[in-house]
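Student: I should like to learn how a nonpolar core and a disulfide are read from a model. Could we work through a case together?

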Amino acid sequence: MPVRAPFLRTALLAAALLTACGTTPEPDATPSAAPSGKAAGESAGKPSAEPSREAAVKAAGPLGGPGTACALPVSFSLAEGWEADAVEKPEDPALASLVTQGPATVLCEAKSEGTPDIAFLRVWTAPKGSARSVLKAFVEADESKGIVLTDVKAGAVPAVEARYSVYSKLTEEWRQTRSFAVRTDGGAVVVVGLAGLDSGEDAVTAAYELARSTLRLP
């Protein structure tokens, strides 16, 4: 099976555990509080003024360019302690849905292997659309609530960021996370998103913000 990253193995294990656990309790449908006092839903499109915490982590090297672990339509700095692997679509059609979410397909997964946290930074791509529409569909394809979309910058590139909560069927709880999307010169949309049990930890969000602040198009 041509999947070099642990992404598919993790997805298969999660599916097995969910089957063993039985029916998931109905999650609370009440949207979580939006950051900075904003109501849940799409923002007015003003750039985020939140200070970056990228100084909390060190850059270990680039990801996405020639000679790196993943060949991507963008490149950015990966935080120290994170290890990346490319993800290829499995040949078995029955497993193909494990590497897609809404309009996007995962290309790369970076895991916080050398840190105390359990978290993933995944890079997805959609063949066409606006960054906002693809990101919104990507988030809504997951079991999510309280999405807030904000216009930001990813490096010097215009981007859209989503902050929202996702429901974990394994832990039966909601956790806050975030993703951002950019549109490449070729028209594809790249989504970089956080996942994992510790996606809200400061060191994890700092690794995410490092990726966002250093993103570059080819």
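The dialogue below takes up the nonpolar cores and then the disulfide.

Tutor: This is a predicted model, in which local features need pLDDT of at least 70, side-chain atom pairs count only at pLDDT 80 or more, and totals for chains, interfaces and linings use all residues. Residues are numbered from 1 along each chain as its sequence is written, and side-chain values use heavy atoms, with hydrogens and water left out.

Student: Which residues have the most contacts inside the largest nonpolar core?

Tutor: In soluble globular proteins, nonpolar side chains tend to be buried together. A nonpolar core is a set of buried Ala, Val, Leu, Ile, Met, Phe, Trp, Tyr and Cys residues joined through side-chain atoms within 4.5 Å; buried means under 20% relative accessible area, with a 1.4 Å probe and protein chains only. Here the largest core holds 32 residues, and L63, F76, W82, L121, V182 and L215 have the most contacts inside it. Helix α3 (residues 202-213; helices are DSSP runs of H or I, at least four residues, numbered from the N terminus) gives the most to this core, six residues. A second, separate core of 20 residues includes V139, I147, Y164 and V189.

Student: Where do the cysteines of the disulfide lie?

Tutor: A disulfide is a pair of cysteine sulfur atoms within 2.5 Å. C70 and C108 meet this rule, with sulfur atoms 2.0 Å apart, and the link is right-handed, at 65° about the S-S bond. C70 lies in the loop between β2 (59-63) and β3 (76-79), and C108 in strand β6 (residues 104-111), so the pair ties together parts 38 residues apart in sequence; strands are DSSP runs of E, at least two residues.

Student: Are these cysteines buried or exposed?

Tutor: C70 counts as buried at 1% relative accessibility, and C108 counts as buried at 0%.

Terms used:
Buried means under 20% relative accessible area, exposed over 50%, partly exposed in between (1.4 Å probe, protein chains only).
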